[in-house]
Amino acid sequence: MLNSLIGIIASSGAAAARTIEFIIVAGGGASGRAGGGGGGFQYSSGTFALGATTTITVGAGGAAGGPNTQGGNGSNSVANSITSTGGGGGGAGLVSVQDGKNGGSGGGEGYGRGTGVAGTGISGQGNNGGLGYSDLATYTGGGGGGGASAAGGNALSTPAGGTSGTGGNGTNAYSTWATATSTGASGYYAGGGAGGTDGSTLGATGLGGAGAGGLNATGNGGATNTGGGAGGGGNGQGNNGGSGIVILRYPDTFPTLTLIGGGLTSATTTSGGYRYYTFTAGTGTVTV
């Protein structure tokens with residue numbers, strides 16, 4: 001009888017615990033002349049007993065830079081005690097502020113005189129930004145921001161008139177969660193913004209919510225809730241990085257979360273045998 005009772009208690013405890021998976025994307029870096037880096041992208045999982053809590057924070061995108069200022073870094077996102085670091089801001093068009101900033105993925109270098117550096121990414125979260133280029137007379141192209149899956153490209157002197165740096169590609173969440181048909185946002189996250197140019201050709205934008213660079217114009221901002229870096233401005237004027245996102249999932253044989261803190265903005269859906277919770281803003285605690 002005692003052994004049977006112990007078995008019932010053990011089975012109940014096991015049933016109450018659930019493995020929760022997380023995708024944690026930080027805010028993307030803003031741009032100057034160069035593209036902003038994508039926010040850090042990480043996957044995590046943990047086993048949670050009934051009543052356990054975890055704090056979730058969704059990072060904002062970085063604030064736009066300009067001809068005299070680098071783009072701002074994105075803010076960190078947190079879940080399951082794992083911190084994804086905000087993307088690095090893109091470099092500006094003056095020598096003194098040409099460097100790309102370090103971050104989850106690094107921002108591109110802005111001026112391209114051969115003395116600046118691109119921002120570096122964090123291993124396991126993102127990649128480095130690319131270098132800018134200038135012929136000192138007719139053409140300046142910003143480097144591309146790094147992405148979660150690839151580094152940002154360097155600006156080039158050819159074809160005629162030059163090409164700005166390409167943004168590094170982000171990571172496809174569907175390759176991590178193959179059974180997902182809807183996670184509440186796009187499949188790719190944390191792409192790097194393309195550099196801007198006053199030349200003739202724009203480099204490609206990184207997949208994952210990143211902004212396109214501007215041809216003698218302001219680049220596009222990173223898309224909301226993707227962690228995408230902003231595209232650099234060919235006129236030197238930057239744009240804002242895209243805000244981050246946190247997504248958790250667990251099998252739909254378990255009930256809904258007991259409590260979601262009021263400081264969080266979230267939505268939920270059930271798909272492919274899983275419950276998905278998408279957190280798009282704020283910070284707070286969730287209880288399983």
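Here is an informal walk through the chain, from its overall build to one charged pair and two backbone oddities.

Keep in mind that this is a predicted model.

**Overall build**

Two helices and 13 strands make up the secondary structure of the chain. Along the principal axes, the C-alpha atoms take up a box of roughly 90 × 30 × 25 Å. How does the radius of gyration fit with a compact globule of 288 residues? The rule would put such a globule near 19 Å, and the chain comes out at 21 Å, which agrees.

As for packing, 53% of the 288 residues count as buried. Sequence separation tells its own story: take the contacts between residues at least 6 apart in sequence, and 53% of them join residues at least 24 apart. On the outside, the chain exposes about 10500 Å², with carbon and sulfur atoms supplying 54% of that area.

**Charges and the salt bridge**

The chain carries 6 positive and 6 negative side chains. The centres of these two sets sit 11 Å apart. Side chains of opposite charge can pair when their charged atoms come close. How many salt bridges does that give here? The count comes to one salt bridge.

The partners are Arg 249 and Glu 21, whose closest N and O atoms are 2.8 Å apart. Arg 249 belongs to strand E10 (residues 245-251) and Glu 21 to strand E1 (residues 18-25), so the pair ties together parts that are 228 residues apart in sequence. Are these two residues buried or exposed? Both Arg 249 and Glu 21 are buried.

**Two positive phi values**

Most residues other than glycine have a negative phi. Ser 81 goes the other way, with a phi near 65°, and Asn 225 also has a positive phi, of about 60°. Here is where each one sits in the chain.

| Residue | Phi | Loop | Relative accessibility |
|---|---|---|---|
| Ser 81 | near 65° | between strand E4 (77-79) and strand E5 (82-84) | 72% |
| Asn 225 | about 60° | between strand E9 (188-189) and E10 | 12% |

Which side of the burial cut-offs does each residue fall on? Ser 81 counts as exposed because its relative accessibility is 72%, where exposed means over 50%. Asn 225 counts as buried because its value is 12%, and buried means under 20%.

Strand E10 turns up twice in this tour: Arg 249 of the salt bridge lies in strand E10, and the loop holding Asn 225 runs between strand E9 and E10.

Note on methods:
Residues are numbered from 1 along each chain as its sequence is written. This is a predicted model: local features need pLDDT of at least 70, side-chain atom pairs count only at pLDDT 80 or more; totals for chains, interfaces and linings use all residues. Side-chain values use heavy atoms; hydrogens and water are left out. Helices (H or I, at least four residues) and strands (E, at least two) are DSSP runs, numbered from the N terminus. The radius of gyration is taken over C-alpha atoms; the globule rule is 2.2 Å times the number of residues to the power 0.38. Buried means under 20% relative accessible area, exposed over 50%, partly exposed in between (1.4 Å probe, protein chains only). Contact means heavy atoms within 4.5 Å. Accessible areas come from the Shrake-Rupley method with a 1.4 Å probe; for residues, only the protein chains shown count as cover. Lys and Arg count as positive and Asp and Glu as negative; His and the chain ends are not counted. The place of a charge is taken as NZ of Lys, CZ of Arg, CG of Asp or CD of Glu. A salt bridge is a side-chain nitrogen of Lys or Arg within 4 Å of a carboxyl oxygen of Asp or Glu.
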